[in-house]
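Me: I would like to learn how to read the features of a model, one at a time. Where should we start?

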Amino acid sequence: FMLNLLIAQLNCAYQATYQDMLGFARLNRGKIVTETMPAVSKSRWSRFVTSLKLEDRVEFGEGDMGVAGGIQVWESASANVTTVDMIRRFGGSTSPAAQWPEEENAGDDE
């Protein structure tokens, strides 16, 4: 029993140390970026921002154009499995007086 308790404590300590290590690595990368930015010329920076194409709309799925200002990143379908689509779109008027359509699963708690 005591050996299992020791292993559990070491595991928890390692997890906390690992989280701290990730945080310090992010802080260090941020420091490097902020120290390097003054050396980047305005023309180079504007070329970089233009190359991001942030004014173009991002495609969520085939033929489903989303919002502008994003960077599209492709990932494996099995990386983050979801059973419910999180993006909901409703056609029709955008008037505040218009009622929202009733949801199909209204009242179903999972």
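Reply: Start with one side chain, and bear in mind that this is a predicted model. Y18 has a relative accessible area of 36%, so it counts as partly exposed.

Me: Is Y14 buried or exposed?

Reply: The cut-off for exposed is over 50%. Y14 has a relative accessible area of 55%, which makes it exposed.

Me: Where do Y14 and Y18 lie?

Reply: Both are in helix α1, residues 2–36, and they are 4 residues apart, about one turn of the helix.

Me: Which aromatic pairs should I look for, and how many does the structure hold?

Reply: There are 2 aromatic pairs. Y14 and Y18 form a stacked one, with 6.3 Å from centre to centre and 25 degrees between the planes. Planes under 30 degrees apart count as stacked.

Me: What is the geometry of the rings of W45 and F48?

Reply: Planes between the stacked limit of 30 degrees and the edge-to-face limit of 60 count as tilted. The ring centres of W45 and F48 are 5.4 Å apart and their planes stand at 40 degrees, so this pair is tilted. Both residues belong to helix α2, 3 residues apart, about one turn of the helix. W45 is partly exposed at 39% relative accessible area, and F48 is partly exposed at 40%.

Me: How should I read the backbone angle phi of K53?

Reply: Most residues other than glycine have a negative phi. In K53, phi is near 55 degrees, a positive value. K53 sits in the loop between α2 (42–52) and β1 (57–61). With a relative accessibility of 49%, K53 counts as partly exposed.

Me: What is the secondary structure of the chain, and in which pattern does it run?

Reply: The chain has 2 helices and 2 strands, and along the sequence they follow the pattern α-α-β-β. The radius of gyration is 24 Å, well over the 13 Å that the globule rule gives for 110 residues, so the chain is more spread out than a compact globule. Along its principal axes, the C-alpha trace spans about 65 × 55 × 30 Å.

Me: What do burial and contacts add for the chain?

Reply: Buried residues are 2% of the 110 in the chain. Of the contacts between residues at least 6 apart in sequence, 12% join residues at least 24 apart. The chain exposes about 10,700 Å², and carbon and sulfur atoms supply 58% of that area.

Me: How many charges are there, and how far apart are their mean positions?

Reply: The chain has 10 positive and 15 negative charges, and their mean positions are 19 Å apart.

Conventions. Residues are numbered from 1 along each chain as its sequence is written. This is a predicted model: local features need pLDDT of at least 70, side-chain atom pairs count only at pLDDT 80 or more; totals for chains, interfaces and linings use all residues. Side-chain values use heavy atoms; hydrogens and water are left out. The radius of gyration is taken over C-alpha atoms; the globule rule is 2.2 Å times the number of residues to the power 0.38. Buried means under 20% relative accessible area, exposed over 50%, partly exposed in between (1.4 Å probe, protein chains only). Contact means heavy atoms within 4.5 Å. Accessible areas come from the Shrake-Rupley method with a 1.4 Å probe; for residues, only the protein chains shown count as cover. Lys and Arg count as positive and Asp and Glu as negative; His and the chain ends are not counted. The place of a charge is taken as NZ of Lys, CZ of Arg, CG of Asp or CD of Glu. Rings of Phe, Tyr and Trp (its six-membered ring) pair if their centres lie within 6.5 Å; planes under 30 degrees apart count as stacked, over 60 as edge-to-face and the rest as tilted.
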